[in-house]
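Subject: The structure we talked about

Hello,

Here is the structure I promised to pass on, with my notes underneath. Have a look at the model first, then read on at your leisure.

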Amino acid sequence: MDKKSSTRKGPEFCSLRYGLALIMHFSNFTMITQRVSLSIAIIAMVNSTQQHGLPNTSTEGPLADTLNNPSRSMKEFNTGASVYEWSPETQGIIFSSISYGIIVTLIPSGYLAGIFGAKQMLGAGLLISSLLTLFTPLAADFGVILVIAIRTIQGMAQGMAWTGQFTIWAKWAPPLERSKLTSIAGSGAAFGSFIILCVGGLISQALGWPFIFYIFGGIGCVCCLLWFTVIYDDPVHHPCISVREKEYIVSSLAQQSSSPRRSVPIKAMVRCLPLWAIFTGFFSHFWLCTIIITYLPTYISSVLHVNIRDSGVLSSLPFIAASSCTILGGQLADFLLSRNLLRLITVRKLFSSLGLLLPSLCAVALPFVASSYVTTIILLILIPGTSNLCDSGFIINTLDVAPRYASFLMGISRGFGLIAGIISSTATGFLISQDSVSGWRNVFFLSAAVNMFGMLFYITFGQVEIQDWAKEKTLTRL
C-alpha cells in the first residue's frame with residue numbers, strides 16, 4: 001500500500017511545486033535584471049562609449065539601417081542624465097564588484113538557509129537588492145567609489161537569495177523532476193537578461209538611463225511581496241497544498257534526510273573529487289557566461305558600431321535562446337531519465353559536456369567572423385543558449401551527491417563561479433583597453449581554454465552517487 005502511494009505521481013503543471021518554480025523564475029528574472037542593468041546603462045553613462053557610437057549609427061549594421069535616423073532619435077530623447085569619465089579598467093572593476101559581494105555571503109548564507117529556512121533569507125536578499133538598485137543613479141553622482149560599494153552590498157544581498165533556492169528545492173523537488181523544476185526556475189535569469197537588454201536601451205533613450213534602475217528596482221519590490229506571501233520552506237507546512245501532492249513529494253524524498261544538522265564534514269568535502277569536479281565546472285561555466293552577460297552590449301557597440309538602442313536589442317537576442325535551452329534541456333534530461341534511456345551519470349556528463357564545448361567553439365570562431373554582421377549575431381546567440389545546457393548537468397549535481405548539504409555546497413559552487421567572474425570581468429577590461437581587436441580575440445581564446453579544462457575534469461571525476469559523508473547516520477535505540 002505504501003509502495004503504491006509513494007510511486008503515484010502527483011499533479012504536475014497545476015501543482016504548487018510548479019507554481020513555486022514560476023515564482024522563483026520571476027525572482028531570478030528580477031535579480032538578473034538588477035545585475036545586468038548597469039551593462040546596458042553604462043553605454044549611455046560613459047561619455048567615451050556614447051560618443052563612439054554616434055557617428056556610426058547611421059551607416060553600420062542592418063538593424064540600424066531599418067530604423068529611421070537613429071542618431072537623430074538619440075538626440076531627441078536626450079534627458080540630460082549625467083555622463084561619467086570611466087575608463088575600461090574602471091568599468092571592469094565596477095562590473096566585477098557585485099561578484100565580490102556575492103562571494104562574501106554565498107557560503108554562510110547557504111549554511112544558515114539549510115538550518116533556519118530559505119524563505120526569509122531569500123526574500124530579504126531580494127528586497128535589499130531591489131532597494132539598492134533604486135539608489136544606484138544617486139550613487140553614481142557621488143562618485144565611482146560609492147557605485148562600487150553599492151554594487152558590492154547588492155552582491156551580498158543577491159548571494160543570500162541565489163543560495164537559498166537550493167535549500168527549497170531539496171525539500172520540494174522530487175528526484176525525477178529536479179532538472180525540470182530547477183530549469184524552469186533558472187530560466188528566469190536568461191529571460192531577465194533578454195528583457196533588460198532588449199528594453200534597457202529603449203528606456204535609456206526615451207526616459208534616460210536612471211529609469212532603467214528605477215523600473216527594475218520597483219519590479220523587485222513587487223516580487224518581494226509575492227515571495228513572502230506565497231512561498232513556504234517545505235510542502236509539509238504549506239496550507240494550500242493538496243494531500244496527494246504532499247504525499248508524492250514526501251514519499252519521493254523519503255531516502256533523503258530532512259533532519260537538521262549541527263556540523264558540516266568539511267574535511268571529507270575537501271577530499272571529495274566529485275565535488276571538485278562540480279566546482280571546476282562552475283568556474284569554467286561562469287568565466288564565459290560573466291563575460292557575455294557583462295560585456296555583450298559593449299562588444300556589439302564597439303565591434304558592430306551601433307547605438308545604445310540597437311545594441312540593447314541585439315544583446316537581448318542570445319538570452320531568449322538561453323532561456324529556451326534551459327527549459328528544453330531540463331525537459332529532455334528528465335525525459336531521458338524517466339524512460340530509462342540513459343543513466344543519471346550519463347545525462348549529467350552529457351549535458352555538462354555540451355554546455356561547455358559548444359559555446360567554446362562559438363567563442364573561438366567569433367574573432368574570425370567579425371566582419372560578418374549576421375554570423376557574429378548568430379554565434380553570440382548560440383553561446384548563452386548552448387552554455388545553459390549545463391543547468392541539467394553539474395549545476396544541479398550537488399542535489400545528487402549530497403542532498404543534505406545542497407544549499408551549503410551550492411554556495412561554495414557559486415563562489416567558485418563568481419571568482420571566475422571577477423577574474424574574467426577584470427581581465428577583459430584590461431585586455432580590451434590595450435587593443436580592441438587583439439584584446440577580444442585573447443578574451444575568447446582564454447575563455448575556450450578554461451571551458452575545455454572544466455569539461456575534461458568533470459568528465460573524469462564527476463559522479464552522481466550520494467557520498468558516504470553525506471548520508472544520514474541512523475541510530476537504533478532500544
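A residue counts as buried when its relative accessible area is under 20%. With a relative accessible area of 0%, A41 is therefore buried. Please keep in mind that this is a predicted model.

A41 and other distant pairs

A41 belongs to helix 2. Its C-alpha atom is 9.5 Å from that of P297, although A41 and P297 are 256 residues apart along the chain.

A few other pairs bring separate parts of the sequence together in a similar listing. V303 sits in helix 13, and its C-alpha lies 8.6 Å from the C-alpha of V437, with the two positions 134 residues apart in sequence terms. V303 has a relative accessible area of 21%, so it is partly exposed; the cut-off for buried is under 20%.

A149 is part of helix 8. This residue is partly exposed, at a relative accessible area of 35%. Measuring along the sequence, A149 and I98 are 51 residues apart, while their C-alpha atoms are separated by 8.8 Å.

S324 is located in helix 14 and is partly exposed, its relative accessible area being 36%. The C-alpha of S324 is 7.5 Å from that of G385, and the two are 61 residues apart along the chain. G385 is one of the buried residues of helix 16.

The cavities

How many cavities of 30 Å³ or more are there? The count comes to three. The largest cavity has a volume of about 710 Å³. Its lining is made up of 42 residues, and those nearest the centre are A189, H285, F286, I293 and R414.

Where does the largest cavity lie with respect to the domains? Domain 1 (16-48 + 84-253) and domain 2 (265-469) both contribute residues to the lining, so the cavity lies between them.

Several helices supply at least two lining residues each: helix 2 (16-45), helix 6 (88-116), helix 8 (144-172), helix 9 (178-206), helix 13 (273-303), helix 14 (308-338), helix 16 (373-387) and helix 18 (406-434). Helix 13 gives the largest share, with nine residues. By residue type, the lining of the largest cavity splits into 24 nonpolar, 14 polar and four charged residues.

Helix 16

Helix 16, one of the helices that line the largest cavity, has 15 residues. From first C-alpha to last it reaches 22 Å, close to the 21 Å expected at 1.5 Å a residue. Its buried residues are Y373, T376, I377, L379, L380, I383, P384, G385, T386 and S387.

Aromatic pairs

The model has 23 aromatic pairs by the rule used here. In one of them, the ring centres of F457 and F461 are 4.8 Å apart and the ring planes make an angle of 50°, so this pair is tilted. F457 and F461 are four residues apart in helix 19 (residues 436-461), which means that about one helical turn separates them. F461 is partly exposed, having a relative accessible area of 29%. Elsewhere in the list, ring pairs join F95, Y295, Y299, W440 and F444 into a cluster.

A backbone angle to look at

Most residues other than glycine have a negative phi. N340 is not a glycine, yet its phi is positive, at about 55°. Which part of the chain holds N340? N340 is found in the loop between helix 14 and helix 15 (344-365). There N340 is exposed, with a relative accessible area of 69%.

If you open the model, the largest cavity is a good place to begin, and A189, H285, F286, I293 and R414 will take you to the part nearest its centre.

Best wishes

Notes
Residues numbered from 1 in each chain as written. Predicted model: local features only at pLDDT ≥ 70, side-chain atom pairs only at ≥ 80, totals over all residues. Heavy atoms only, no water. 1 Å grid on protein atoms, 1.4 Å probe; cavity = no way out; pocket = protein on both sides within 12 Å on 5 of 7 lines; lining within 4 Å. Points joined across faces, edges and corners; volume = space filled by probe spheres on them. Nonpolar A, V, L, I, M, F, W, Y, C, P; charged D, E, K, R; others polar. Domains from an automatic or database assignment. Expected span 1.5 Å × (residues − 1). Buried < 20%, exposed > 50% of the residue type's maximum accessible area, 1.4 Å probe, protein only. Phe/Tyr/Trp six-rings, centres within 6.5 Å; stacked < 30°, edge-to-face > 60°.
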